[in-house]
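User: Could you take one part of this structure and go through its surroundings closely, residue by residue, and then carry on to the packing of another part? I would like a connected account rather than a list.

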Amino acid sequence: MLTTGTVPPTDEGVVSAVCDAYSSIVREGAHAEYTEAVAKAFGYTVEQLRSIPAESHMGLGCGNPVAVASVKEGETVLDLGSGTGIDVLLAAQKVGPRGQAIGIDISTDMVNRARKNASKQGYRPPQVVFIQTNLTQPLPVVTASVDCILSNCVINLLPDTGKAALLKECYRILKPGGRLVVDDIIAKKLLPDTIRSDLSAYIGCISGALQLEQYRAFMKLAGFTDALFVETGGDLDVYKSTEPTCGGAPSSSPSTKCCGTTITTLPIANGNLNTWIASYQIYARKVSDNGAADKSHPALDRWWDAYPKDHLTSGEVANLLRDPDRSDYAIIDVRENDRDGGHISRSVQWRADAFADSLNKFYDEYGKTKQVIFYCGSSKGRGSRCAAWYQDYLNGEGNTESRACVLEGGYRGWIYPELVDGAM
């Protein structure tokens, strides 16, 4: 993990450096004593921490946005920079089965770990969904579809153009009257070039911190005209006083984790981070449309597209069927009554409308099958969705023996009539 040197000169370089650093953190792990100390320092209760997997909090935040967001049952909540899932899982407890909690993060490693943590809690998409995407780009979320947006010590890590773009996206995707609750680091004064150019300080949530008036201007530019900024008084020295090492016992060296940056090159008296930066909570609402009828749509048009799965062509599946030596695959037809018009040879029906509720049984039957190939009429909806559910279940179980696949084009794209059964 490269956390020393100079901040890259391009926005793309900054985003890449941050992604690499935080991906390394989740791969290496963090000491439990450190993560719990940081979480408690910024307002997470013992009850909250015990209600979620320990791996879902890694000491990377600077607040507890869920505690003040007034999340209600049935709401759609989105967490920007969701990490390994702490705030999404806490929000999921509040929105319940009729609501939706969505996490977005740039790091594939973070997203994969968060999905496993959600699986441990018994959550399945679409109630809890984690998506990998770049926060500086347009978000894959429907306009005016989210009730509440959370973010915890993440916006400061984006280049300034990315900060502005993300806040505009927040305004776009919030429902009228929807709320934004952000915990972030703000610079108390102009940071000298020795700090702003230091990569370890950037990854540590210092170099990229805006000053208060800069942050206000970005919020107003995005459309949030009445944002409230509240300094929380959190002691940022908790990051370095605990002195963690990845995956092991505490060490004698400062951390390179969020706000626990190496300070040897930084002009901070006695290494006091609170001299230069402060933790803030920021509250804002999207302007209401004066009680117009709620015409919002689901926040994610196709959540299943965010979950990795293999795609096989009709020819590849036909070759499997024709090979007498291959038995390490299964073909799953997730159609319902439309199966009556014919189905691919040797395919087994598991209806999509009941698939999520029968995942345990399905896994017991196919968890050791190398390729599990799903299809529906076109394989763009039900087939792909069921494949995503199965792959998510496999990941949660740590199973790499089986793999979810999707038949491209589905039954309508199948061009081998000699490999069809039950046709009328």
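Analyst: Asn117 sits in helix α5, which covers residues 108-120, and what follows is read from a predicted model. Asn117 is buried, with a relative accessible area of 1%. Once its neighbours within four places in sequence are left aside, Asn117 is in contact with Pro53, Glu55, Ser56, Thr84 and Leu89. One of these residues, Thr84, has its backbone oxygen 2.9 Å from a polar atom of the Asn117 side chain. Ile86 is 31 residues away from Asn117 in sequence, whereas the C-alpha atoms of the two residues are 8.9 Å apart in space.

The packing can also be followed at helix α9, residues 212-222, whose buried residues are Tyr215, Phe218, Met219 and Ala222. Viewed down the axis of α9, these buried residues fall within an arc of 100°, and they therefore line one face of the helix. An α-helix has 3.6 residues a turn, so residues three or four places apart point the same way. On the other side of α9, Glu213, Lys220 and Leu221 are exposed. The elements covering the buried residues of α9 include α6 (160-173), β5 (174-187), β6 (210-211), β7 (228-231) and β8 (277-285). After α9 comes Gly223, with a positive phi near 120°.

Two of the buried residues of α9, Tyr215 and Met219, belong to the largest nonpolar core, which has 63 residues; together with Leu180, Phe374 and Tyr390, they touch the most other members. Helix α14 (residues 382-397) supplies the largest share of this core, seven residues. A separate core of 32 residues includes Phe42, Leu60, Cys62 and Ala201. Not counting residues up to four places away in sequence, Met219 touches Leu167, Leu180, Phe224, Ala227, Phe229, Ile282 and Ala284.

Among the residues touched by Met219 are Phe229 and Ile282, which are bridge partners of each other, Ile282 being in β8. The strands β7 and β8 run antiparallel and are joined by four bridges. β8 is also joined to β5, again antiparallel, by nine bridges, and here Ile186 has Ala278 of β8 as its bridge partner. Seven of the nine residues of β8 are buried, so this strand is largely enclosed by the rest of the structure. β5, β7 and β8 are thus linked through these bridges, and they are also among the elements that cover the buried residues of α9.

Technical notes. Residues are numbered from 1 along each chain as its sequence is written. This is a predicted model: local features need pLDDT of at least 70, side-chain atom pairs count only at pLDDT 80 or more; totals for chains, interfaces and linings use all residues. Side-chain values use heavy atoms; hydrogens and water are left out. Buried means under 20% relative accessible area, exposed over 50%, partly exposed in between (1.4 Å probe, protein chains only). The arc is that of the directions from the helix axis to the C-beta atoms. Contact means heavy atoms within 4.5 Å. A polar contact is a pair of N or O atoms within 3.5 Å; within protein, one must be able to donate a hydrogen and the other to accept it, and residues adjacent in sequence count only if both atoms are side-chain atoms. A nonpolar core is a set of buried Ala, Val, Leu, Ile, Met, Phe, Trp, Tyr and Cys residues joined through side-chain atoms within 4.5 Å. Two strands pair if DSSP finds at least two bridges between them.
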